[in-house]
Amino acid sequence: MLKNLTIEIDEGSGFCFGVTTAIKKAEEELAKGTRLYCLGDIVHNGMEVERLHEQGLITINHDDLRSLHGVKVLLRAHGEPPETYAIARKNNIEIIDATCPVVLALQRRIKRQYDANMESGKDAQIVIFGKRGHAEVLGLVGQTSSSAIVVEKVDDVERLDFSRDIYLYSQTTKSLDGFHQIIKYIQEHIHDGATFKSFDTICRQVANRMPNIASFAARHDLVLFVSGRKSSNGKVLFKECHSVNPRSYQIESPDEIDMAWFTDDVRTVGICGATSTPKWLMEQCLHRLR
């Protein structure tokens, strides 16, 4: 049944620059025979985490970090709050910092605004459009001594104080459409005399994948979207895939491919993924079909 299928892997899918850099740094350290710890999963993809674990990478959490001394710890692309660096200094931990440059620039931007608010005595609100509890968002909120307000959707924006100044930023991997909806709502509700400024801090390498993946999904009869289910970016991109092509299926590995999906009218299959999806995993899915 699958012999006459045309199968295409999306060239635009796969690791973003930040994730690629983090994995490269981990592999370089492990190749030296270094005992290397990583604070949190290096990427939201279980199979890639397992591959690096087999090379010796040890995943730890923040509680583990507090009990370690004199070791090397990799900080992944998502970034970390200032408290993490303080613990590392106190415990003589060498940091291998793989924070994505786009995230790092955003952290510094938020910190400058927070410091300016403190110096001027302004009772301004720093608002971050992002997913609560997400590693990147925790790092951003940490720049404000945990005072920043996180909004996940327009409904959350209702609880802002529109009589006070608002400075709006975004997690780098959020959708542009969602960000613009929040901007519109605040513009419509901000009081006279209060300042509202928004800063488009969404990574274009990630944002551009939305229209690209929609175009890719539309070209095929069936789409296999390969992504870890913990990936925020994966959830957004799969939703876009599915809205364009209802015969889109999210899988974490080739083992999850269900041959019942491939009915007689399926002639072309597209394989794509998130910014946390390794190319080798998409290729494994292609080989499974062949």
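## Close-up views of a predicted model

**View 1. Helix H12 meets a four-stranded sheet.** Helix H12, residues 279-289, lies across strands S1, S10, S11 and S12, and its direction is at about 155 degrees to that of S12. Everything shown here and in the views below belongs to a predicted model. Helix H10 is another helix to look for: H10 lies across S1, S10 and strand S12 (268-273), running at about 160 degrees to S12.

**View 2. The sheet with the order S1-S12-S10-S11.** Follow the strands across and you will find an open sheet of four, with parallel pairing. Which strands stand at the edges? They are strand S1 (6-9) and strand S11 (248-251). Each has a single partner strand, so one side of each is left without a neighbour in the sheet. From one strand to the next, the twist averages 20 degrees. Now look at the pairing of strand S10 (residues 222-226) with S11: the two run parallel and are joined by four bridges. A handy landmark is Leu 224, which stands opposite Tyr 249 in S11.

**View 3. Helices H10 and H11 cross.** Here helix H10 (residues 209-218) comes together with helix H11 (residues 232-244). Their axes come within 9 Å and cross at roughly 40 degrees, and the crossing of H10 past H11 is right-handed. Which residues of H10 meet H11? On the H10 side they are Arg 209, Met 210, Ile 213, Ala 214, Ala 217 and Ala 218. Their counterparts in H11 are Val 236, Leu 237, Glu 240, Cys 241 and Val 244. Sorted by class, this contact of H10 with H11 holds nine nonpolar residues and two charged ones, with no polar residues.

**View 4. Phe 225 and Phe 238 form a tilted pair.** A search of the whole structure finds five aromatic pairs, and this view shows one of them. The ring centres of Phe 225 and Phe 238 are 5.7 Å apart. Their planes stand at 45 degrees, so the pair is tilted; that label covers angles that are neither under 30 degrees nor over 60. Where do the two residues sit? Phe 225 lies in strand S10 and Phe 238 in helix H11, so the pair ties together parts that are 13 residues apart in sequence. Are these two rings buried or exposed? Phe 225 is buried, with a relative accessible area of 0%. Phe 238 is buried too, with a value of 17%.

**View 5. Tyr 249 and Trp 261 form a stacked pair.** This is another aromatic pair, with 4.0 Å from centre to centre and 5 degrees between the planes. The pair links distant parts of the chain, 12 residues apart: Tyr 249 is in strand S11, while Trp 261 is in the loop between S11 and S12. You may recognise Tyr 249 from View 2, where this residue stands opposite Leu 224. Tyr 249 is partly exposed, at 24% relative accessible area, whereas Trp 261 is buried, at 17%. The cut-off explains the two labels, because buried means under 20% relative accessible area.

**View 6. Strand S4 in the sheet with the order S3-S2-S4-S5.** Four strands form this open sheet, and the pairing is parallel. At the edges are strand S3 (58-60) and S5, each pairing on one side only. The twist averages 35 degrees from one strand to the next. Strand S4 takes in residues 72-75. Three bridges join S4 to strand S2 (residues 36-39), and four join S4 to strand S5 (residues 94-97). Val 73 is a good place to rest your eye: Tyr 37 stands opposite Val 73, and Val 73 stands opposite Ile 95 in S5. Both faces of S4 are covered, with Lys 72 and Leu 74 buried on one side and Val 73 and Leu 75 buried on the other. Helix H1 (residues 17-31) lies across S2, S4 and S5, at about 165 degrees to S4.

**View 7. Thr 173 in a loop.** To find Thr 173, look in the loop between strand S8 (166-170) and helix H8 (176-189). Thr 173 counts as buried, at 18% relative accessibility. Leaving aside residues up to four places away in sequence, Thr 173 touches Glu 136 and Val 206.

Conventions. Residues numbered from 1 in each chain as written. Predicted model: local features only at pLDDT ≥ 70, side-chain atom pairs only at ≥ 80, totals over all residues. Heavy atoms only, no water. Axes fitted to C-alpha atoms, helices over the stretch in contact; angles between N-to-C directions. Left-handed = near helix turned anticlockwise from the far one by under 90°. Contact = heavy atoms within 4.5 Å. Nonpolar A, V, L, I, M, F, W, Y, C, P; charged D, E, K, R; others polar. Pairing = 2+ DSSP bridges. Phe/Tyr/Trp six-rings, centres within 6.5 Å; stacked < 30°, edge-to-face > 60°. Buried < 20%, exposed > 50% of the residue type's maximum accessible area, 1.4 Å probe, protein only.
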